[in-house]
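Open the structure in your viewer and keep the selection box ready. The tour goes stop by stop.

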Amino acid sequence: LVELARARGATVLNLGGAQTTSLAELVSMLEEALGVKAVLDRKPAQPGDVPLTSADVTHAGEVLGYAPRTPIRAGLRKFAEWMRGEGRDWT
């Protein structure tokens, strides 16, 4: 897909952070930010699942000046506050 986008003249940018976060950690942080307990339905690993990923944001930094400054926990908290301000509630 990346090759197809580039072949068509598109620029592909990876936006994220260099610190990895497990799915369990992400769920826990979302529970904390949203003030709700997640209902988990654990399934076996699916074809194509990868155990660990990370974002190389070098190209985004070069093209956009992108340099992540907000840790994921703080970003999720800000997102939850914004969503609540839009009238959304998870309880």
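Which residue forms a salt bridge with Glu31, and how far apart are the closest N and O atoms? Select Glu31 and Lys37: they form the salt bridge, and the closest N and O atoms are 3.6 Å apart. A salt bridge here is a side-chain nitrogen of Lys or Arg within 4 Å of a carboxyl oxygen of Asp or Glu.

Before moving on, note the ground rules. This is a predicted model, in which local features need pLDDT of at least 70 and side-chain atom pairs count only at pLDDT 80 or more, while totals for chains, interfaces and linings use all residues. Residues are numbered from 1 along each chain as its sequence is written, and side-chain values use heavy atoms, with hydrogens and water left out.

**Stop 1: the salt bridges**

Stay on the first pair. Glu31 counts as buried, at 17% relative accessibility. Lys37 is exposed, with a relative accessible area of 68%. Buried means under 20% relative accessible area, exposed over 50%, and partly exposed in between (1.4 Å probe, protein chains only).

The structure holds 3 salt bridges. Select Arg73 and Glu32 next. Their closest N and O atoms are 2.9 Å apart in a salt bridge. Arg73 lies in helix H4 (residues 72-85) and Glu32 in helix H2 (residues 23-34), so this pair ties together parts that are 41 residues apart in sequence. Helices are DSSP runs (H or I, at least four residues), numbered from the N terminus. Arg73 is partly exposed at 38% relative accessibility, and Glu32 is partly exposed at 49%.

Now pick Asp41 and Lys43. This salt bridge has its closest N and O atoms 3.5 Å apart. Asp41 is exposed, and so is Lys43.

**Stop 2: helix H2**

Colour H2. The helix has 12 residues and reaches 16 Å from its first C-alpha to its last, close to the 16 Å expected at 1.5 Å a residue. The expected span is 1.5 Å times one less than the number of residues.

Which residues of H2 are buried? Show Met29, Glu31, Ala33 and Leu34. What covers these buried residues includes H4. Step off the end of the helix: just after H2, Gly35 takes a positive phi of about 75°.

**Stop 3: helix H4**

Move to H4. Its 14 residues should span 20 Å at 1.5 Å a residue, and the end C-alpha atoms are 20 Å apart, which agrees. Ala74, Leu76, Ala80 and Met83 are buried in H4. The buried residues of H4 pack against H2, with contact meaning heavy atoms within 4.5 Å. Gly87 follows H4 and has a positive phi, near 90°.

Stay on H4 for the rings. Rings of Phe, Tyr and Trp (its six-membered ring) pair if their centres lie within 6.5 Å; planes under 30 degrees apart count as stacked, over 60 as edge-to-face and the rest as tilted. The count comes to 1 aromatic pair. Select Phe79 and Trp82: their ring centres are 6.1 Å apart and their planes stand at 35°, so the pair is tilted. Being 3 residues apart in helix H4, Phe79 and Trp82 are separated by about one helical turn. Phe79 is partly exposed, at 41% relative accessibility.

**Stop 4: Leu13 and the nonpolar patch**

Go to Leu13, in the loop between helix H1 (2-7) and H2. Leu13 is partly exposed, with a relative accessible area of 29%. Which residues does Leu13 contact, leaving aside its neighbours within four places in sequence? Show His59, Ala60, Val63 and Leu64. Then measure C-alpha to C-alpha from Leu13 to Ala24: the two are 11 residues apart in sequence and 26 Å apart in space.

Keep Leu64 on screen. Leu64 lies in helix H3 (residues 58-64) and counts as exposed at 56% relative accessibility. Add Leu15 and Val63 to Leu64 for a nonpolar surface patch, with about 300 Å² of accessible area together. Patches are made of residues with over 30% relative accessible area and no salt bridge: like charges are joined within 9 Å, nonpolar side chains (Val, Leu, Ile, Met, Phe, Trp, Tyr) within 5 Å. Accessible areas come from the Shrake-Rupley method with a 1.4 Å probe; for residues, only the protein chains shown count as cover.

**Stop 5: Thr70**

Finish at Thr70, in the loop between H3 and H4. Thr70 is partly exposed, with a relative accessible area of 45%. Leaving aside neighbours within four places in sequence, Thr70 is in contact with Gly75 and Lys78. Last, select Gly17: its C-alpha atom is separated from that of Thr70 by 9.0 Å, with their positions 53 residues apart along the chain.

Note on methods:
Helices (H or I, at least four residues) and strands (E, at least two) are DSSP runs, numbered from the N terminus.
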